[in-house]
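User: Could you take a close look at the salt bridges in this protein for me? I would also like to see how they sit within the rest of the chain.

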Amino acid sequence: MNVCLLLPLVLGIPLLLPCLTATETQETEGVRSPGGSHWRPKRGWMWRSFSVQEEMNNTSQFVGQVRSDLDNGNNSFQYKLFGDGAGTLFVIDERTGGITAVQKLDREEQASYTLRAQVINAATGRAVEPESEFVIRVTDINDNEPKFPDEPYEATVPEMSPEGTFVIQVTGSDADDPSYGNNARLLYSLLQGPPYFSIEPTTGVIRISSKMDRELQDEYWVIIQAKDRLGLPGALSGTTSVLVRLSDVNDNKPIFQEGLYRMTVSESAPPGTSIGKILASDDDIGDNAEMDYSIEDESQTFDIITNNETQEGIVILKKKVDFEHQSHYGIRAKVKNHHVDEQLMEYHTEASATFIKIQVEDDDEPPVFLLPYYIFEISEGRPQGSFVGTVSATDPDQRKSPVRYSITRSKVFHINDNGTIITTNPLDREVSAWYNLSVIAREKENVEQISAVPVFVQVLNINDHAPEFSEHYETYVCENAGYGQIIQTISAVDRDESIDGHYFYFNLSVEDTENSSFTIIDNQDNTAVILTNRTGFSLQEEPVFYISILIADSGIPSLTSTNTLTIRVCDCGDKGSTETCSNKDFMLPLGLRNEIVIAILICVVIIFGFLFLILGLKRRRTRTLFPGKGEDFRENIVHYDDEGGGEDDTQAYDVAELGGGSVLRGRRARPAGAAQIRSLYRQSLQVGPESAIFREFILQKLREADSDPGAPPFDSFRTYAFEGAGSPAASLSSLGSADSDRDEDFDDLHALGPRFERLACVFGSAVQANN
C-alpha cells in the first residue's frame, strides 16, 4: 500500500512529501498454489506515524493520506477510520484515504492519538486487507509561558551575612515539550533586588550580593523573571516575587539613654526595698536584647538586679541607711548583653555606663537605747524605793526630741523620767530570783515614736531563812531498846541560795542536853543521828517523847532554828524491830481500803451477771422453738398467728380462762413483757376454787420454760396442757394426747368460746385422720 503524507506547517512553510509505500511486514506466511510450484505471499501493512502541529489557526489541517497498493483508482475501495478522535477530531476521505484534522489540537492536553485504518470493497462490503494501526503525534509550539508552582516564596537569612550567602532557589516550569526545541528551557533574571541580591540564570539560586543591616531594613522584596526559549526572540516570560527577611544577630550593644539618674531612699526603708529603675535600649531583638545590669564598683549599701521581662535595672537597698551618718550616695551602673557570640565580640568591646545619685531622706525615727539590753542586780530585802539601775535612750534625729520612759505591766518596779529604775515593794529571792522587764522609751514631741528594750533584774540572795528538817519524821523507839541505839537519821534544808553549798550543824537544846533520854551526833555531812541515852522505855508510862534539835547554817550571819522531833514508844515484840510499829498506823486505813475494793468487785460482778442474763434471754428468744423434739412432734405443732392487738385488743384470750372455775374473770389486755406475764399469771391464780393447784401447775410450767433454752419468748408462749380438775374438757394438750389410747372428743372446746372452735376442729380432724 502506498501512503502519501502531507506534513503540516514547519516554521510556517507547508511541505508536501511524496507518497510513501507501506512496507510488507510479514513474508513468512503464504499460500501455496494448487500445483505447489510457487508461493503467493500474504500481504500485510503497517502505517507509519503521522505528525500534526498543535494550535493551527485554520479550521482544518491535512494530516496525511493512507492508500492501499491494491487500489487501482476505479473507486471500488473505501477507507474507514477508527480510534481516538475518529470522526470528531480526525476525518478520512473514504475514496482517497486522506486524513484531515477538523479541530484545533493542544499538545498539552493530549500529545498523540492512536487510530486504525481499514480498506473495504465498496461492492461487497468486505475488508480487502486487515486493519492497521497508526499514531498521529501532535508537534509542540511555544504557546505556554513559564510559571512558578511553589510561589509565593519566603526566605530568612541572618543580617550582616557575607556576599555569596545562599538565600533561596526558585524553580519555574513550562508546559511546552521539553524534548522539542527550546520551548521549555528557562532563563532566570532579577527585575527587582540589586544591589543586595543576585540570581544564577540557569538554576534560579538567589544569593547575597552585599551585607545588610536588619536595624536599617528588616525585609526585602525580590522580583524574579523566567523566560523560555533561553530568552531568544519569540520567548514567553513569567515572574514571581520572593520575600527575604533578615534575622537578628547581636551586633548592637545596649546603651543608656540617660547619663544621670536621681533617686531617693528613706532611712527607715528596710533592706530589699526598691529605690528606682534604670533602662538601657538595644536595637537588637529577642535573646540578643537581653541585658545584665551591675554596679561598676561593688557597693555595700546598694545593688542592681535585672527584670527579665521588662529588661529594666532595679536599684535595691542592701542594708539600711542613716541620714545622720550619710545623706548622699553615688554609684556607677553598667549594662551589657547576656548572650554574645564570639564572632560578634567586636561590637561589645566597651560596656555602656551611667551615674546614679541617691539622696537619703530624713525620717522621724524612734528613740534608740544605748544598749540592746540591760542587766541589773539588787539584793533581796531592800526597802521600797531602792535603786536598781538606769537605762538611757536618745532621739537619733537632728531635733533631739526629749524622751520619757515607762515599764509595762510591773507592780514591783518604777522608772523615772531620767531612766532610773527603783523598787516599789521589797524583793524576795525565794519568791522570784529574776525579773524580766520591758522599758518603753517614747518621744515627747511625737508620742507614736516608741522603742523598747529588755531589762533583766537579778535578785541577790541574803541569808534570811533558817534551816529546817528536810521532811516530816515518824520516829519510834522500842521498849526494850538498849543504850546508844540509833533510832533516826535526820537532815536539813535551807531555802536560801548558796554558791559554795550549804553546811548545817545539829545539836540538842540546852534543856534536852541536861536531862534527856536521847542524844544526837552530828555526822559533819549535813546529817545527824539520834541515839538512845538510856536502857528501856515504858509504853504505859511515857508513850511519847518530844526533843528539841537546834540546826544552824553556814550563812553570814548564821541563822539557827529549833525543830521538834516526836519519838513514840512502841512494843516491838520479840524481834525488836520498829517496822511493826509503823505498820500499825496503817492497818485501819488499809482495812478500809480492802473493804472498798471488795465492794467495788462485788458491784462489778453483779453488773456483769446482769449483762450475761440479758444476753442469755436474747439468745433464748432467737433460738428455734423446741429444737430437741423429733420430726413427729414438729408435724403435730399447730401455729397460731393471732397474738393480740396490745392494750387496745379486748378480744385477746386471757390465761385466766384456763382455770375453768365457776367464777368468771374479766378479760384484760395482754401484757408486753415476761415479768408482766408472770405477774398476770399470779394475779389470775388468786381467785377460783382450784387456785392452789393451778398456781402450782403454772409455776412449774414457768420453771420449765425458764430452764428450757429452746422455749419460745413469753409474749408468744401459750400452754393448754392443764385445765383443772373441774374442767369438762380435761386436758387440751396435744402433748398429753399421745399417752392416751382412747378416742378423744374435742367438742367440749366449743364451751370455752369462739377462740377454741378452731382448735376443736383442728384437733378433731387430726384424731380422725390418725385413726
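What follows is a walk through the salt bridges, and then through the loops and surface around them.

Analyst: Happy to! Please keep in mind that this is a predicted model. A little background will help before we zoom in. The protein chain has 771 residues, and 35% of them are buried. Its secondary structure comprises seven helices and 43 strands. Among contacts with a separation of 6 or more, 65% are between residues 24 or more positions apart. The accessible surface is about 45,700 Å², with carbon and sulfur atoms supplying 51% of that area.

Now to your salt bridges, of which the structure holds 14. Let us begin with Asp248 and Arg214, whose closest N and O atoms are 3.0 Å apart. This pair links distant parts of the chain, with the two positions 34 residues apart in numbering. Asp248 sits in the loop between S18 and strand S19 (255-256), while Arg214 belongs to the loop between strand S16 (205-208) and S17. Both partners are buried, Asp248 as well as Arg214.

The next pair is Arg332 with Glu296, where the closest N and O atoms are 3.2 Å apart. Arg332 is part of strand S25 (residues 328-337) and Glu296 is in the loop between strand S22 (291-295) and strand S23 (302-307), so this salt bridge ties together parts that are 36 residues apart in sequence. What is the exposure of Arg332? Arg332 has 39% relative accessibility, and since the partly exposed class runs between 20% and 50%, Arg332 counts as partly exposed. Glu296 is partly exposed as well, with a relative accessible area of 36%.

A third pair is formed by Glu430 and Arg429, whose side chains meet in a salt bridge at 3.0 Å, N to O. Are these two buried or exposed? Glu430 has a relative accessible area of 19%, and because buried means under 20%, Glu430 is classed as buried. Arg429 counts as buried too, at 13% relative accessibility. Salt bridges can also share partners: Glu154, Glu219 and Arg245 are joined into one network in that way.

That network is a handy place to turn to the loops. Strand S12 (153-158) is preceded by a loop that follows strand S11 (132-139), and Pro152 lies in that loop. Glu151 and Pro152 are joined by a cis peptide bond, with omega about 5 degrees. Another cis peptide bond joins Pro194 and Pro195, this one with omega about 10 degrees. Pro195 is found in the loop between strand S14 (187-192) and strand S15 (197-199). These bonds are worth a look because most peptide bonds are trans.

Backbone phi gives us two further loop positions to visit. Most residues other than glycine have a negative phi. Arg229, however, has a positive phi near 55 degrees. Its place is in the loop between strand S17 (219-227) and strand S18 (237-247). At 26% relative accessibility, Arg229 counts as partly exposed. Gln524 also has a positive phi, near 60 degrees. Gln524 is in the loop between strand S40 (518-522) and strand S41 (527-532), and with 63% relative accessibility it counts as exposed.

One more loop deserves a stop, the one between strand S34 (434-443) and strand S35 (450-460), where Glu445 lies. Glu445 counts as exposed, at 53% relative accessibility. Which residues does Glu445 touch, leaving aside its neighbours within four places in sequence? Its contacts are Arg399, Ser401 and Pro402. Glu445 and Lys400 are 45 residues apart in sequence, and their C-alpha atoms are 9.8 Å apart in space.

Finally, let us leave the charged pairs for a nonpolar part of the surface. There is a nonpolar surface patch of about 1,100 Å², and its members include Ile596, Ile600, Val604, Phe608, Phe612, Ile614 and Leu617. Ile614 lies in helix H2, which spans residues 579-622. With a relative accessible area of 30%, Ile614 is partly exposed.

To bring it back to your request: the Asp248 and Arg214 pair has both partners buried, whereas Arg332 and Glu296 are each partly exposed.

Notes:
Residues numbered from 1 in each chain as written. Predicted model: local features only at pLDDT ≥ 70, side-chain atom pairs only at ≥ 80, totals over all residues. Heavy atoms only, no water. Helix = DSSP H or I, 4+ residues; strand = E, 2+ residues; numbered from the N terminus. Buried < 20%, exposed > 50% of the residue type's maximum accessible area, 1.4 Å probe, protein only. Contact = heavy atoms within 4.5 Å. Areas by Shrake-Rupley, 256 points an atom, 1.4 Å probe, with all protein chains shown as cover. Patch = residues over 30% accessible without salt bridge, like charges linked within 9 Å, V, L, I, M, F, W, Y side chains within 5 Å. Salt bridge = Lys/Arg side-chain N within 4 Å of Asp/Glu carboxyl O.
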